[in-house]
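Open the model in your viewer and keep the sequence panel visible. The tour below goes from one selection to the next and says what is there.

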Amino acid sequence: MTRLSSGRWSDSFLLLNFSEGYFAAVARASQDVMRILDLDGVVEYMNDRGLELLEIERFDVNQGRRWEDLWPVAARPRIAAALEHARGGQASEFTAYCPTAKGRPRWWQTVVSPVRDGHGGVARLLATSRDVTAEHRREARLKLAVRRAQEANAAKESYLRYLKEALEVLPAGLAFYDADDRLVIWNRQYVAAGGADDDGKSSLKVELSFADLLRADLADGRHPEAAGREEEWLADRLAARREATGSHEQELSNGRSYRFEDRRLSDGGIVSIAVDITDLRRREAALERGAAELLTAKAAAETANHAKSEFLANMSHEIRTPLNGVVGMADLLCRGPLPDKAREIAEIIRSSGQTLERLLSDIIDLARVESGAIALEHTTFHLGDAIRSTVALSRLKAEEKGLRLDLTIDPGLDGPVAGDPTRTRQILTNLLSNAVKFTDAGGVEVRAEVVRESLFSLSVRDSGVGFDATDRARVFRRFEQADGSITRRYGGSGLGLAICQQLTELMGGHIDCTSEPGQGSTFRVELPLVRVETPASAPVEADLPEVFEGALRVLVADDHATNRKVVDLILTGAGAITTCVEDGAEAVKAFRTGDFDLVLMDMQMPVLDGLSAVRAIREWEAAAGRVPTLMMMLTANTLPEHVAAAGDAGADGHIAKPITAGRLLAAVEDALSAGVGSPPPTA
């Protein structure tokens, strides 16, 4: 027998009132596991049979382990309850699983009893565990056999019951009909599909067949195609259903819709599925409404865009028309003999008019870029010549301020490329204009360099006022400059750089800048480079004619008296003979009775507009077999769609207002050189 330490055993002997020999004999003879526990559940003693059954080599009382901790976690709540009862003076029994020390599976039936001292108090606990593994296994096998027998005896009922439970969790209604077309099992969703009450079973009878559902449909008039042949229709539907080819859609009075589809079972029964398509139809309706709203929004956007385009066109026309008088007349004054004071005044008027013209162009360009109305041109041009000619336009202004204007072009760029020459020049022009405007001393340097095979850069560096890093992000915003004081000092709208940025991005490039206050700024544009083998035509440098060769006969049609006067003064000053009319109808009449070398036609005129007048003249020429006369639009309608419309009507060129003498005479000279059918670039 395993003993406790001598001191502990003496205490136990006195408390339990046992003789050592008697207890040892009982423990040795027992075939069960016997343990003595203190009131805290710590094991103080275990018999030899217990060590054998639990496959423990020896028991060490000094371990002081709680009995409860020796069991699997699942059994511990029952052990705790049994210990609590024993401490209260009541024996408790439980059966639980606990493997041996070597991991062998065992089930134990355990009794926990209180052990009282001489005064009747509970001093120790006695736990006796019997191995009932064999009995447990026999019972488990018996239960399994009973369960299998029950399942075998009630296979059909059990199957239907389990199937019913499974059906209840389905989102759709589902039911089974037997070979006699009788409803044998269904779920609540199927009851709802049949229009039954919430309790379902009380209102949906087992004897209800699918034929009854079809007859109910016929009674409600849901199938008007069956009128007069109901029985025949019913027989056809039932036959089709038995062949699993039929389908039936039932519209209930509450507005919900269900689609029924069936499949034949192996024993000849029918599976019927009821799907609630209310949400589907609601979503379809919502999609239809959304599509309609989208179309409405698209139409509204197109209307707004069209209105914006019309507004831009009208504003351009209405502003350019009077501006043409200001710029044209001021230009004529400056070309004539004037006293110094009068010339100064005329120059101020001309300069102010040119500033207004550029501001108007900037605003319209920016609006067209943002609305996506600008279409890039893709043509072959000589990049080096385009850069040189653009720089030449700014050289006079730089020289007037005493500034140095240097240009360096990489030899790799001095050749033909494919792209948009107009927008490339516009970007460089804006950067040069800013550089010259904000530089009072020193100079401006333009560099064109190859970055890599498919990319080149244009950089404009000046020695002007500059700006700090905090203002760097603002310079490309609309109507903003780096410093408000700069605007007051130098003027300007703050649109030039915004247009440069948007045009650069539209062309697939990038623009950036660096600057130091008082040290100047550098703006760098990188644009895609596409070299071509076909040589680009070099620009023709034509001198402005002082007098046209021969007496050039020109018909001028414009509804604005000032504009007619400006054109008349410029052309007659160059030796032309002009006939001026104020609308398209008069222009057609004058053309038929006169003989002209050139027609300059405004677009927007009363009685008959310019496009209609051009068409009428071309039709008259064709009918009379006459050689077409050179006709150009001289108009404030300058948007690309206006240029395209003029070409479609039969015009040979397009001159934008406001004009100066040099611009008009150069455009006329180019048009005369190109001839009819080959319009020069838009002036």
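Select E55 to begin. E55 is partly exposed because its relative accessible area is 22%; buried means under 20% relative accessible area, exposed means over 50%, and partly exposed is in between, with a 1.4 Å probe and protein chains only. E55 sits in the loop between α3 and α4 (76–87). Helices (H or I, at least four residues) and strands (E, at least two) are DSSP runs, numbered from the N terminus. Check the backbone here: phi of E55 is near 55 degrees, a positive value in a residue other than glycine. Most residues other than glycine have a negative phi.

This is a predicted model, in which local features need pLDDT of at least 70, side-chain atom pairs count only at pLDDT 80 or more, and totals for chains, interfaces and linings use all residues. Residues are numbered from 1 along each chain as its sequence is written, and side-chain values use heavy atoms, with hydrogens and water left out.

Next, select L51, which is in helix α3 (residues 48–53). L51 has a relative accessible area of 9% and is therefore buried. Add A101 to the selection and draw a distance between the C-alpha atoms: L51 and A101 are 9.6 Å apart in space and 50 residues apart in sequence.

Now show the whole chain. How many helices and strands are in the protein chain? There are 20 helices and 22 strands. Of its 683 residues, 41% count as buried. Contact means heavy atoms within 4.5 Å. Among the contacts in the protein chain with a separation of 6 or more, 60% are accounted for by residues 24 or more positions apart.

Go to helix α13 (residues 421–437) and select R423, which is found there. R423 is buried, because its relative accessible area is 12%. Show the side chains of R423 and Q426: a polar contact of 2.6 Å joins them. A polar contact is a pair of N or O atoms within 3.5 Å; within protein, one must be able to donate a hydrogen and the other to accept it, and residues adjacent in sequence count only if both atoms are side-chain atoms.

Move on to A576, in the loop between α16 and β19. Is A576 buried or exposed? With a relative accessible area of 7%, A576 is buried. Select V554 as well; the C-alpha atoms of A576 and V554 are separated by 7.0 Å, and the two residues are 22 apart along the chain.

V554 comes up again at T578, a residue of strand β19 (residues 577–581). T578 counts as buried because its relative accessibility is 18%. Leaving out residues up to four places away in sequence, T578 touches V554, D568, L571 and T572. With D568 there is also a polar contact of 2.3 Å between the side chains.

The next stop is a pair of helices. Two packed helices are described by the angle between their axes and the distance between the axes. Axes are lines fitted to C-alpha atoms, for helices over the stretch in contact, and angles run from 0 to 180 degrees between N-to-C directions.

Select helix α16 (residues 561–573) and helix α20 (residues 661–674), which pack at an angle of about 65 degrees with their axes 10 Å apart. α16 and α20 are therefore roughly perpendicular to each other; angles under 35 degrees count as roughly parallel, over 145 as roughly antiparallel, 65 to 115 as roughly perpendicular and the rest as oblique. Their crossing is right-handed: a crossing is right-handed if the near helix is turned clockwise from the far one by less than a right angle, and left-handed if anticlockwise. Show V567, I570 and L571 of α16 with A661, L664 and L665 of α20, which make the contact.

Finally, select helix α17 (residues 584–593) and helix α18 (residues 610–624). Their axes come within 9 Å and cross at roughly 20 degrees, so α17 and α18 are roughly parallel to each other. α17 passes α18 in a right-handed crossing. The contact is made by G584, V588, F591 and R592 of α17 and by A613, A616, I617, W620 and E621 of α18.

The last selection is V607, in the loop between β20 (598–601) and α18. V607 counts as exposed because its relative accessibility is 71%. V607 is not a glycine, yet has a positive phi of about 65 degrees.
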